[in-house]
Amino acid sequence: MAGIQKTNQGRRNVSAETDAVVIDQQKWEWSQLWKKEDWWAIWLGFLLIIAGMIIFLPRPPEGMTEKLAGADAALQAEDARAPFRTVEWHKANDSKGGLRATNEPYAKSIAKWLQMPGQWSSNVGESLYLSEEAAAQRRAKAEPAYFEAQEATKAALARAEAAQAVAAAALFNDPQLNAEAEKGISEWRKLREKERGSLRANATVQAYNKIGYLVGLSIFIGLFFTIGILFMDIDTAKFWKGFWFLFIIAVIAMIIGNQTTMRKYGFGDVLWAIVLGMLISNTVGAPKFIKEALQTEYFIKTGLVLLGAEILFSKIVSIGIPGIFVAWVVTPIVLITTYAFGQKILKMESKTLNITVSADMCVCGVSAAIATASACRAKKEELTIAVGMSMLFTAVMMIALPTFIVSVGMHPVLGGAWIGGTIDSTGAVVAAGAFLGETGMFVAATIKMIQNILIGVIAFGVAVYWCARVDCAPGQTVSKMEIWYRFPKFVLGFIGASIIISIMYSAMGSAGDVLLEHGLLRGFTRHAREWFFALAFASIGLSSNFRELAHHFKGGKPVILYVCGQSLNLILTLAMAYIMFFLVFPQITAGL
Amino acid sequence: MRIMEIKKERPAAGHRLRAWLGLGLGLGLMWLMAYVILPWGQTLPHIRPIMENITAADIDAGTYWYTQSEETARAQMFVRNVIQKHQ
């Protein structure tokens, strides 16, 4: 049937004779730069990034350069002095890692305004308010165990130093003395970790009242997004009328996600934003007045530009070539194989659902699902399915994988690499890796971080592939200009932010860790991004339909896709980790 | 006419009641999960050791990106300093 169908990018002429779909070429209009949501995501994202740079870069911690140089010199000296990591090496490492812009007073003030509801166990009010009396009670209860842990750590440090001194007296030539010194140091590190966990958190808790800050933040975020809304075809008054409701749903989702049990299982705010939203929209119905505030794409794309700034390409060499092979070679192989399996064998109806599930399974869970779904313009129900499945399977793997690794006596470096390359979310990777000990956790977390970096390339690749090959009639050749017209423009901001911050990070050396990573990114843009994603997922939930969701689950194909893809991921990641860490680069493993 | 009006009101009121009951049921299920099912799961033999570890280390297993996790910061610093020795 002949006709003209309106799409986001242009007009599709559907021919009656041939049933061919021809996409008309759309002319570039400069007005898109201030009328289109994709471009506003870029402008607003960069506005925040530049504001963060202005705040953090001119204010380094006092004596930063000297302290970094001193720590580096100490690390080199200790590497040359002993064949193992000495007490002084660890102290220099801790000192270097503790130097952060986020520890400065101005950064702490900013963090207060961007903070989310806090952790709580049985009293939900504690997520927003803790009185001085309650804080004092918690401290009093926790202090005895904390002081005991502190004393135990001091004693272990003294023993470690003594054992090291004995080994040093033999010029570190006696293997037995070296082994005893290493054992003593390992014991000290374990007790130090125990002291710095929940014991310290409870023993040093201070009173807080987050309500005022949250109200202020809601106004700031609303005004921030209004900048773009004023130019887009959205009713500003109606947006504001619904925004407060959306913000409250996001806050409630964060409160639920920060409940102690939910935190342990990894069921965070993103999941609860969807669940709450869907519960409301599919029972009593989402209120009509919030419709203009449900700007899912706008929130997600702005958040993705900020996420792009956190994709620092130089980090892919963090654990050397083994890490690159495990995270950057295995992952694309699994992604492409799983997608092909979904298309050719499972015959999934929706390509966008296929690629979104494939990406979240083999790359990095929720963040990969968000970036990929946006790049290929997946439906919000498809993103919901991908996120929900990822969180569920992640909780299972977080328990099953380390249990198996420990039960078979697997080497912690191998186990850590396996965990980092297969479990979806960073928090679950850390939780699972921690079960293997400090080394296992460090390897797992580093591998996962390297995988996180890969999402930049994947999102760009998916966007180009979809424009050039998927969103066209079979046999149709798409011109470069047509690819440009169809290309989701926010991806330019996503990649651009990544390239710019990556170049700055590499150029700044160790100062990049202090000011960029532990300043601009972890201390500023990351918080904004988390809020934007929470709002986006609340919007998704409030505009989702159970029936539409159930339709995508027909035949259980997404679950089969996930399970089969993850099985391949587990096999290939383990094999590659073994080859790289034990056969090709055993010296790196020995050093870890 | 009045009977018709009453008849018309009843389906709407019934529908609204069902809707609110549905919402309440959903919230109830969430409460059940948070306070009964998941805490019970933590007592199971294979799950308890990992959960105890998570509690002691104060890990947030729900973080989905590396900049949200303090442990990745320490991990990359440690691993980078170790790798530098071997380069």
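A helix in these legends is a DSSP run of H or I at least four residues long, and helices are numbered from the N terminus. The model shown is a predicted one.

**View 1. M397(A) in helix α16 of chain A.**
M397(A), which lies in helix α16 of chain A, counts as buried because 22 C-beta neighbours are found inside 10 Å, where 20 or more are required. When its neighbours within four places in sequence are left aside, M397(A) is in contact with T422(A) and I423(A). V430(A) is a further point of reference, since M397(A) and V430(A) are 33 residues apart in sequence and 12 Å apart in space, taken from C-alpha to C-alpha.

**View 2. The crossing of α17(A) and α19(A).**
Helix α17 of chain A covers residues 412-422 and helix α19 of chain A covers residues 438-470; their axes come within 7 Å and cross at roughly 35 degrees. The crossing of these two helices, α17(A) and α19(A), is right-handed. On the side of α17(A), the residues that take part include P412(A), V413(A), G415(A), G416(A) and I419(A), and those they meet in α19(A) include T439(A), G440(A), M441(A), V443(A) and Q451(A). Sorted by class, this contact of α17(A) with α19(A) holds 9 nonpolar, 8 polar and 1 charged residues.

**View 3. The two domains of chain A.**
Chain A is divided into domain 1, made up of 33-58 together with 210-591, and domain 2, which runs over 129-208. The centres of domain 1 and domain 2 of chain A, taken over C-alpha atoms, are separated by 35 Å. Two pairs of residues give further distances within chain A: the C-alpha atoms of A145(A) and Q295(A), 150 residues apart along the chain, are separated by 48 Å, while L191(A) and F220(A), 29 residues apart in sequence, are 43 Å apart in space from C-alpha to C-alpha.

**View 4. A145(A) in helix α6 and L191(A) in helix α7 of chain A.**
A145(A) has its place in helix α6 of chain A, and it counts as partly exposed because 14 C-beta neighbours lie inside 10 Å. L191(A) is found in helix α7 of chain A and is buried, because 20 other C-beta atoms lie within 10 Å of its own. Leaving aside the neighbours of L191(A) within four places in sequence, the residues in contact with it are A149(A), A152(A), T153(A) and A156(A).

**View 5. Two loop residues with positive phi, F172(A) and R377(A).**
Most residues other than glycine have a negative phi. F172(A), however, has a positive phi near 55 degrees, and its place is the loop between α6 (132-169) and α7 (175-203) of chain A. With 17 C-beta neighbours inside 10 Å, F172(A) counts as partly exposed. In R377(A), too, phi is positive, with a value near 60 degrees, and this residue lies in the loop between α15 (366-375) and α16 (380-407) of chain A. R377(A) counts as partly exposed, with 18 C-beta neighbours inside 10 Å.

**View 6. The largest nonpolar core and another core apart from it.**
The largest nonpolar core has 168 residues, and those with the most contacts inside it are A250(A), A273(A) and A534(A). A250(A), once its neighbours within four places in sequence are left aside, is in contact with A273(A), A534(A), L535(A) and A538(A). Apart from the largest core lies another one, of 10 residues, and among them are A163(A), A167(A), A181(A) and I185(A).

**View 7. Chain B against chain A.**
Chain B has 3 helices and 0 strands, so that from the N terminus on its elements run α-α-α. Of the 87 residues in chain B, 31% are buried. Where the two chains meet, 44 residues of chain B are in contact with 61 residues of chain A. The elements that give two or more residues to the side of chain B that touches chain A are α1 (2-41), α2 (48-57) and α3 (70-85) of chain B, and α3(B) gives the most, with 14 residues. By class, the residues on this side of chain B divide into 24 nonpolar, 14 polar and 6 charged.

Note on methods:
Residues numbered from 1 in each chain as written. Chains lettered and ligands numbered in written order. Predicted model: local features only at pLDDT ≥ 70, side-chain atom pairs only at ≥ 80, totals over all residues. Domains from an automatic or database assignment. Buried ≥ 20, exposed ≤ 12 C-beta atoms within 10 Å, placed from the backbone. Contact = placed C-beta atoms within 7 Å. Nonpolar A, V, L, I, M, F, W, Y, C, P; charged D, E, K, R; others polar. Core = buried A, V, L, I, M, F, W, Y, C linked by C-beta atoms within 7 Å. Axes fitted to C-alpha atoms, helices over the stretch in contact; angles between N-to-C directions. Left-handed = near helix turned anticlockwise from the far one by under 90°.
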